[in-house]
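Trainee: I have a new structure on screen. Can we walk through it together?

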Amino acid sequence: MNLEIEGKWALVCAASKGLGRGCAEALVADGVNVVITARGDAALQATAEALRAFNPAAQVVAVAGDITTPEGRAAALAACPQVDILVNNAGGPPPGDFRDWDRADWLRAVEANMLTPIELIKAVVDGMAERGYGRVINITSSSVKAPIDTLGLSNGARSGLTGFVAGVARQPRLASRNVTLNNILPGFFDTDRLRSGFTKAAETSGQSIDDVSAARRNTVPAQRFGSPQEFGALCAFLCSQRAGYITGQNLLIDGGAFPGTY
Ligand code: NAP
């Protein structure tokens, strides 16, 4: 399928590893020029090199910085000649018990997983509408649909973003101008974040990392974790010309883990 997005410019946030990188790879494979961000410069530059090797025809710009800060967002936006595609992503908040979280913990989570994507959406969508093309993807979590009690910071902050996006996506001044906003909700994906969670769970429970990982895998009907490449493929499709009639949606990608009919 020709996605017809060759030559577009995408800002892919938090993309040196994991799901963000999977999205950048899929977009670059389809000829999209990308600006990728992450805080750690070494991994970011290595990813940029890999992307350039992947498709030498695509331009790849790496901007090191913390996307949850105004400076980080300004630098990322300044590096992108025009944002046709925005993939919002950042690290997820830590797990824990809500009794232990103070106001500062909540503000950090809301800043990273709700206000940062909202600020970036605000910066780009009107320009997209003027040009008649725009795609916004927010990487959220299956925990928005099926909350995980230890991820209260994530459940709360990401649900706030989800409510905001539901309203904005339906503004006729955006939807009628071929600007779509959608959220992708990952279940378990084989990334550093998932693996570090297993390491912590193994330390707490006294089980081996392999046993923790196997137990988690067994909760997924597909009996495996998803790959960043599978995640990126869905992202690229939603960013394509083909997906212009899909907006305001929350798309689960979880190997069947969510047990509901709808
Ligand atoms: P990951 O493998 O740990 O990768 C995270 C990427 O984001 C890295 O490139 C990291 O680079 C970058 N990053 C983190 N914080 C950043 C910041 N403040 N500014 C700029 N870049 C930042 O994580 P992942 O598994 O891909 O997860 C991505 C998102 O999906 C997270 O919010 C996570 O909670 C959510 N999620 C993941 C899963 C899963 O199974 N993997 C499931 C549900 C939800 P630096 O550290 O160098 O900045």
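Mentor: Let's take the ligand and then a pair of helices, keeping in mind that this is a predicted model.

Trainee: Which residues come nearest to the ligand?

Mentor: Ser16, Leu19, Arg39, Ala90 and Thr191 do, out of 28 residues around the ligand.

Trainee: What does the polar side-chain atom of Thr191 lie close to, and at what distance?

Mentor: An oxygen atom of the ligand, at 2.5 Å.

Trainee: And which backbone atoms come in?

Mentor: Leu19 has a polar backbone atom 2.8 Å from a ligand oxygen. Gly187 has a backbone N or O atom 3.1 Å from an oxygen of the ligand.

Trainee: How much of the ligand's accessible area does the protein cover?

Mentor: The ligand on its own has 880 Å², and the protein covers 89% of that.

Trainee: Which elements give two or more residues to the shell?

Mentor: Those are α1, residues 18-29, and α7, residues 192-205. The largest share comes from α7, with 3 residues.

Trainee: What about classes? How many residues are nonpolar, polar and charged?

Mentor: The shell has 12 polar residues, 10 nonpolar and 6 charged.

Trainee: Switching to helices. How do people describe a packed pair?

Mentor: By the angle between the two axes and the distance between them.

Trainee: OK, so what are the values for α1 and α9?

Mentor: Helix α9 spans residues 228-238. α1 and α9 pack at about 55 degrees, with axes 7 Å apart. Because of that angle, α1 counts as oblique to α9.

Trainee: Is their crossing left-handed or right-handed?

Mentor: Right-handed.

Key. Residues are numbered from 1 along each chain as its sequence is written. This is a predicted model: local features need pLDDT of at least 70, side-chain atom pairs count only at pLDDT 80 or more; totals for chains, interfaces and linings use all residues. Side-chain values use heavy atoms; hydrogens and water are left out. A residue is near a molecule or strand if one of its heavy atoms lies within 4 Å of it. A polar contact is a pair of N or O atoms within 3.5 Å; within protein, one must be able to donate a hydrogen and the other to accept it, and residues adjacent in sequence count only if both atoms are side-chain atoms. Accessible areas come from the Shrake-Rupley method with a 1.4 Å probe; for residues, only the protein chains shown count as cover. Helices (H or I, at least four residues) and strands (E, at least two) are DSSP runs, numbered from the N terminus. Ala, Val, Leu, Ile, Met, Phe, Trp, Tyr, Cys and Pro count as nonpolar, Asp, Glu, Lys and Arg as charged, and the others, Gly among them, as polar. Axes are lines fitted to C-alpha atoms, for helices over the stretch in contact, and angles run from 0 to 180 degrees between N-to-C directions. Angles under 35 degrees count as roughly parallel, over 145 as roughly antiparallel, 65 to 115 as roughly perpendicular and the rest as oblique. A crossing is left-handed if the near helix is turned anticlockwise from the far one by less than a right angle, and right-handed if clockwise.
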